[in-house]
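Visitor: I should like a close look at one part of this model, namely its salt bridges. Which side chains take part, and how is each pair placed?

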Amino acid sequence: MKHIYQILSYIAVIIITLIIVNNIRFAKDIDHKNELKRLHQQNDSLQANIESNKVLINSLSFEIDSFKTKIEESKKELATLKHKAKKNKDKYNEESNRINSLSNTAIISEFTNAFE
């Protein structure tokens with residue numbers, strides 16, 4: 001009888017050990033599932049963040065193209081203004097040289113003729 005109690009106690013210990021090991025595995029499975037769920041949520045969040053960044057990049061690319069167009073237009077306008085400024089400077093220098101080379105009587109005559 002003592003031998004049967006000893007065998008039953010060994011069987012009970014083995015069963016309890018199996019239950020504990022099984023529960024530990026089950027708990028690990030739950031932890032893995034929770035971790036996997038958390039990682040999926042993080043992945044979804046990161047994917048949404050990537051999409052919003054792509055929209056922002058596209059918006060900034062559009063603005064960059066817009067600024068490049070404005071820069072090119074400004075360069076053309078500046079080139080035109082530079083050409084006009086050079087022409088006006090040349091006219092001024094030409095007129096200044098012509099007036100400087102005139103005698104006093106010629107300057108007076110030119111001035112009075114301008115108002116007739």
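Guide: What follows is an account of salt bridges in this structure, pair by pair. The model is a predicted one, and a search of the whole structure finds four salt bridges. Three of these are described here, among them the pair E35 and R38.

The side chains of E35 and R38 come together with an N to O distance of 2.7 Å. Both residues belong to helix α1, which covers residues 2-101, and they are three residues apart, about one turn of the helix. E35 is partly exposed, its relative accessible area being 36%, and R38 is likewise partly exposed, at 42%.

A second salt bridge joins D90 and K86, with 3.5 Å from N to O. This distance satisfies the criterion because a salt bridge requires the nitrogen to lie within 4 Å of the carboxyl oxygen. D90 and K86 are also in helix α1, here four residues apart, again about one turn of the helix. D90 counts as partly exposed at 40% relative accessibility, whereas K86 counts as exposed at 53%. K86 is placed in that class because exposed means over 50% relative accessible area.

The third pair is E95 and R98, whose closest N and O atoms are 2.5 Å apart. Because E95 and R98 are three residues apart in helix α1, about one helical turn separates them. E95 has a relative accessible area of 36% and is partly exposed; R98, with 32%, is partly exposed as well.

Notes: Residues numbered from 1 in each chain as written. Predicted model: local features only at pLDDT ≥ 70, side-chain atom pairs only at ≥ 80, totals over all residues. Heavy atoms only, no water. Helix = DSSP H or I, 4+ residues; strand = E, 2+ residues; numbered from the N terminus. Buried < 20%, exposed > 50% of the residue type's maximum accessible area, 1.4 Å probe, protein only.
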